[in-house]
Amino acid sequence: MKHLKTLLILLVLTATTAVGQTKKNNFEISKSIDIYNNVLRQLNMYYVDEIDPAELNESAINAMLEGLDPYTVFITESQIEDVKLMTTGEYGGIGSLIQYFEGKTQISEPYEGFPAAKAGLIPGDIFLEINDIDVSNKNSNEISELLKGTPGTTVKLKMQRPGEKEPYVKELKREKIKIDNIPYSTVFENGIGYAILSQFTKDCARELKEVIIDMKKKHELKGFILDLRGNGGGLLNEAVDIVNMFVPKNKLVVYQKGKVRENNYNHYTQHEPLDLDIPLVILVNEGSASASEIVSGSIQDFDRGVIVGQRTFGKGLVQNIFPMSYNTQIKVTVAHYYLPSNRCIQEIDYSKKKKGNVADTLEIADTLGKAFHTANGRVVYEGHGIQPDVKIEPTMASTITMHLYAKNLFFKYANKFYREHKSIKSPKEFKITDAIYEDFMQFVKDEGFTFTSESENAIKNLEKIAKAEGYLEEIQPGLDQVVATIEVEKTKDLIDNRKEIEEMLETEIVSRYYYQKGRIIAALDNDPELDKAFEVILNQEEYNNILKGTK
């Protein structure tokens, strides 16, 4: 009885404290709004130049949210279409990726079967005018807003194609653009099914289920690989439904905890599974985040499949979108989510964000977090994303390859190649020949390509230090000799690094003829993580030992 009385006193004190805190917060909110309104009113009346209240208001809101986390954002009326794209994978437009480079916005990759591709727009085409509006100096975000619109409406484009003197004009009818959740799936010759999931938007779980069912009808599958590399996440319920394909009904996949009770929610599998026994590998990397981590982390916690690749991004936060006045919205982080082992994989604690004079800094622990256990007793850790069961070190591109990419030379050469060749072999068959590579090297030379190596940067830093210490005059001849040697070696880089340069060039050229699907097929030909996934599935003993924690 004494313990019950003490408990009741504690509950009353807690409730009283919460009410008091709420009243204090409400007062501070009213006070802040009043001050803000007065500031805006004074600026409107007395500031020397005319102000744009809407622009100032948006800047103020964004500055306020900047102090929280990068996922809590204000959504203006003009950005509603972007929200629709995030949740449904659909928008009204011409169907093309665009990029801003060297002061111009251009087509980077049209989507197969949509208005841009059907009208003959190709990568490299530069935007000059949209509906008679000069856009030659506008960035990709500004042009994207002009290209989007209600399906069925028309948009007139004036474009400049590199290599041609005169611009051309096309009138396109906007369509509902649906970005594929599953841009590519196949069953390889070894009997292993594969699907790449690019996003977690509406119906992606249903689509993936249909793909696997079709594979099982036509093939005797030896295993299945789900590729979540680069998938930044999306809808949580879709992630739960995907896990449900491989684990029994009524299993807790993920639960979320927030400040408000309504945001504390347990997400269970609700359907009978598709397949409880098929060997399963999930490919992940540092770009796999949020819903991708729910799928890979839950599968890992249930010991239902093997995770292969690199450590994932580490986003264990849940966002809700709330409608606001004047057709605006706000996306707010409302909870942390926790996997079946009870771990949260959030990498950064934004509540510990520190304010600095120059920029905000965040403390990130450099050690593993608290240990948890999977169903089979394997140790997994909180924080720091999902640690793969089989780690594959990422391939680091050479300095010259990174500089070629940064200067858009793969992109430019692929455009040139496309203009000069009407067709190529299939994505699996097309290869860079000696003649093509020699032409590429000449193209790079004609473009005046140069780059500064890390060694040269180090020498420049050494010269500064040596000068300050009074040694430069004595060591300069030796440094000059090293620089000369580096210059000679740099001329060989295109030859020495041909293999990795060829791989990037190959996927870029293939995409001109076979779009995104072709790019994926070409890239899978040289994929060490996919090769490891094959190895794990086809070696049943290794697969089982990994899941038992005996390997």
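A residue counts as buried under 20% relative accessible area, as exposed over 50%, and as partly exposed in between. Keep that in mind as you click around, and remember that this is a predicted model.

**Stop 1: a greasy spot on the outside.** Start by selecting Leu-43, which sits in helix α1. Its relative accessibility is 30%, so Leu-43 counts as partly exposed. Now add Ile-35, Val-39, Tyr-47, Val-48 and Leu-56 to your selection: together with Leu-43, they make up a nonpolar patch on the surface. The patch has about 540 Å² of accessible area in total. Colour helix α1, residues 2-46, and you'll see where the largest share of the patch comes from: three residues.

**Stop 2: a hairpin.** Next, select strand β3 (residues 96-101) and its partner β4, which pair in the antiparallel sense over six bridges. Want one pair to look at? Phe-101 has Lys-104, in β4, as its bridge partner. Two residues lie between the strands of this hairpin, and Glu-102 in the turn has a positive phi of about 50 degrees. Then show just β4, residues 104-110: six of its seven residues are buried, so this strand is largely enclosed by the rest of the structure.

**Stop 3: a pocket.** Finally, head for the second largest pocket, which holds about 610 Å³ of space. It is lined by 24 residues, and the closest to its centre are Gly-234, Leu-235, Ser-290, Gln-319 and Lys-331, so select those five.

Which elements supply at least two residues each to the lining? They are α3 (80-88), α7 (236-244), α8 (291-301), β17 (317-323) and β18 (329-338). Highlight β17 to end the tour: its five residues are the largest share of the lining.

Terms used
Residues numbered from 1 in each chain as written. Predicted model: local features only at pLDDT ≥ 70, side-chain atom pairs only at ≥ 80, totals over all residues. Heavy atoms only, no water. Patch = residues over 30% accessible without salt bridge, like charges linked within 9 Å, V, L, I, M, F, W, Y side chains within 5 Å. Areas by Shrake-Rupley, 256 points an atom, 1.4 Å probe, with all protein chains shown as cover. Salt bridge = Lys/Arg side-chain N within 4 Å of Asp/Glu carboxyl O. Helix = DSSP H or I, 4+ residues; strand = E, 2+ residues; numbered from the N terminus. Buried < 20%, exposed > 50% of the residue type's maximum accessible area, 1.4 Å probe, protein only. Pairing = 2+ DSSP bridges. 1 Å grid on protein atoms, 1.4 Å probe; cavity = no way out; pocket = protein on both sides within 12 Å on 5 of 7 lines; lining within 4 Å. Points joined across faces, edges and corners; volume = space filled by probe spheres on them.
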